Number of protein chains: 2
Amino acid sequence: MNGGAGTMRTFRLTLAYDGTGLVGWQRQPTGTSVQGLLEDALATLDGRVVPVAGAGRTDAGVHALGQVASLTMLRDIDAATLRRALNFHLPPPVRVLDVAPVDASFHARFNARSKTYRYQVWNGHVVPPMLRSYVWHVAAPDLDLEVMQRGARALEGLHDFAAFQSVGSDVLTTERRVLSSRVHLADMSGSGGMAGLDSSAGRLVCYEVTADGFLRHMVRSMAGTLVEIGQRRYPPDRLTAILESKQRPQAGRTAPAHGLVLVKVMF
Amino acid sequence: MNGGAGTMRTFRLTLAYDGTGLVGWQRQPTGTSVQGLLEDALATLDGRVVPVAGAGRTDAGVHALGQVASLTMLRDIDAATLRRALNFHLPPPVRVLDVAPVDASFHARFNARSKTYRYQVWNGHVVPPMLRSYVWHVAAPDLDLEVMQRGARALEGLHDFAAFQSVGSDVLTTERRVLSSRVHLADMSGSGGMAGLDSSAGRLVCYEVTADGFLRHMVRSMAGTLVEIGQRRYPPDRLTAILESKQRPQAGRTAPAHGLVLVKVMF
């Protein structure tokens, strides 16, 4: 514990949440948001409104394993106590994994250098019950992972991602740098019993993408397009043409929110 | 499809379910049971009451990855159609993974030679949100896996498990043969994003046990005792003394239902 009473303390929070039933990261007029839950819990601890900034503004239904948030408190409180107090106030679907004291200038959104998202697709006839809230069910046909992988790689690099942005977005630039864009099969053996057996019922296909920033619905529209490529509706080099078109209707459908997970934020 | 219309068909079903909110396998006067859901779905398909036998009568809140059930239908229906029709009628927490035609004499409970259960303990300060319905939270101290493993091994073999049976049970014999009784750490790397990150937040400790039969609450009271051994409240050789006592109060607490998973049934 550095500093005496009266000194402001800035903290970096690492959070995991099950987005099922939440309206997303950002506080909304109605519904339960992660930001709202955190700010309500902090208000009881600090006796005042404590604004919380999140690195990624996840949409309704999107999950997180490593969301990062920043906030500044007036109260003299150490990191371990803050973590325990927040987890006491928060509902079990939202957990604070870690709290670390940081420099007062730290801001989770402005200082984030890159983020990793994973999109999870269950490819098979029957969705394992314990995975049902975390995967998009694409029953048939068997996805061609090789062409999906080729398509995913074509998204790496500095591109204008306007074609993968939801209509009506308002940002200064639609250029983003994708550092890594890969498709892999999840190994189910170590899943702690969640996926079930040897799974003749299907495969968990994961699309994992790291970028310096994301446009609205960018991962979900890339995932939707990659699934259509895996279903051989488009050839994988179609992705380059979609990027060049800069037109949203050229890309595939926006995959549903509940298959998306914010995995990690890098600073 | 063998046989013509009018021939009775017996099927073996392999089922997975999320036991959260269910009253267990067996039909009860109130609440939703797996047996009740299946029988209601089958009644609409067969136009009559179709009794379903389950290999393991899992308690309220207990999950399954590989429950097995048997039933006989009058209607001329093939296995794949029956699986699709049942999954159409059942809610997403209950899924039929596989349907196979079997000999008319097959009975899921009487023909089961052994069953494997897994008990899942989250040992750490913070429970990952996506695992919260499937683990017992044992926050501290760090469980000593080596003494738990020694304790688990002491349960293998043919023993009188009366000390691990819930009070008020009524069975012919309390002798059971435990074929395998092991403690292991789940590998979280391949968990398809469910457990989260590298998990400084904790470890998933699994107790997996295979036996030719189980007494009521037997796995849960063995898991509760093993956790107390892992917390160094008892030495591991205490298990032998508990078995010999044949007295339920000698064993540890009954671990909660939602950490238990019926993994597999062998015939």
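Strands here are DSSP runs of E, at least two residues long, and they are numbered from the N terminus. With that in hand, here's a friendly walk through the structure, which is a predicted model.

**Starting in chain A**

Let's begin with Thr10(A), which sits in strand β1 (residues 9-17) of chain A. Buried means under 20% relative accessible area, and Thr10(A) has 7%, so it counts as buried. Its side chain has a polar partner: a contact of 2.9 Å links it to the side chain of Thr72(A). Who else touches Thr10(A)? Setting aside neighbours within four places in sequence, its contacts are Leu71(A), Thr72(A), Ala100(A), Pro101(A), Val102(A), Asp103(A), Ala104(A) and Phe106(A).

Now move along the chain to some paired strands. Strand β7 (residues 157-160) of chain A runs antiparallel to strand β8 (residues 175-185) of chain A, and four bridges join them. If you want to find this pairing in the model, look for Gly157(A), which faces Val178(A) in β8(A). β8(A) also pairs with strand β9 (residues 203-211) of chain A, again in the antiparallel sense, this time over seven bridges. Here a handy spot to look is Leu185(A), whose bridge partner in β9(A) is Val205(A). As a rule, side chains in a regular strand alternate between the two faces of the sheet.

**A helix in chain B**

Over in chain B, helix α3 covers residues 145-154, and its buried residues are Val147(B), Met148(B), Gly151(B) and Ala152(B). Why do they line one face of the helix? Looking down the axis of α3(B), you'd see the buried residues fall within an arc of 140°, so they share one face. And what covers them? The cover includes β8 (175-185), β9 (203-211), α4 (218-230) and α5 (238-245) of chain B. At the N-terminal end of α3(B), Asp144(B) acts as a cap, with a side-chain oxygen 3.1 Å from the backbone nitrogen of Glu146(B).

**Charged pairs**

Side chains of opposite charge can pair when their charged atoms come close. How many salt bridges are there over all chains? The count comes to 25. Here are three of them.

| Acidic residue | Basic residue | N to O distance |
|---|---|---|
| Glu228(A) | Arg233(A) | 3.8 Å |
| Glu208(B) | Arg118(B) | 3.4 Å |
| Glu228(B) | Arg233(B) | 3.8 Å |

Take the chain A pair to start with. Glu228(A) is buried, at 11% relative accessible area, while Arg233(A) is exposed, at 56%.

Next comes the salt bridge between Glu208(B) and Arg118(B). Glu208(B) belongs to strand β9 of chain B and Arg118(B) to strand β5 (residues 114-123) of chain B, so this pair ties together parts that are 90 residues apart in sequence. Are these two buried or exposed? Glu208(B) is partly exposed, with a relative accessibility of 24%, whereas Arg118(B) is buried, at 10%.

As for the last row, Glu228(B) is buried, with a relative accessible area of 11%, and Arg233(B) is exposed, at 58%. Some salt bridges share partners too: Arg27(A), Glu39(A) and Asp40(A) are joined that way into one network.

Note on methods. Residues numbered from 1 in each chain as written. Chains lettered and ligands numbered in written order. Predicted model: local features only at pLDDT ≥ 70, side-chain atom pairs only at ≥ 80, totals over all residues. Heavy atoms only, no water. Buried < 20%, exposed > 50% of the residue type's maximum accessible area, 1.4 Å probe, protein only. Arc of directions from axis to C-beta. Contact = heavy atoms within 4.5 Å. Polar contact = N/O pair within 3.5 Å; in protein donor to acceptor, adjacent residues only side chain to side chain. Pairing = 2+ DSSP bridges. Salt bridge = Lys/Arg side-chain N within 4 Å of Asp/Glu carboxyl O.
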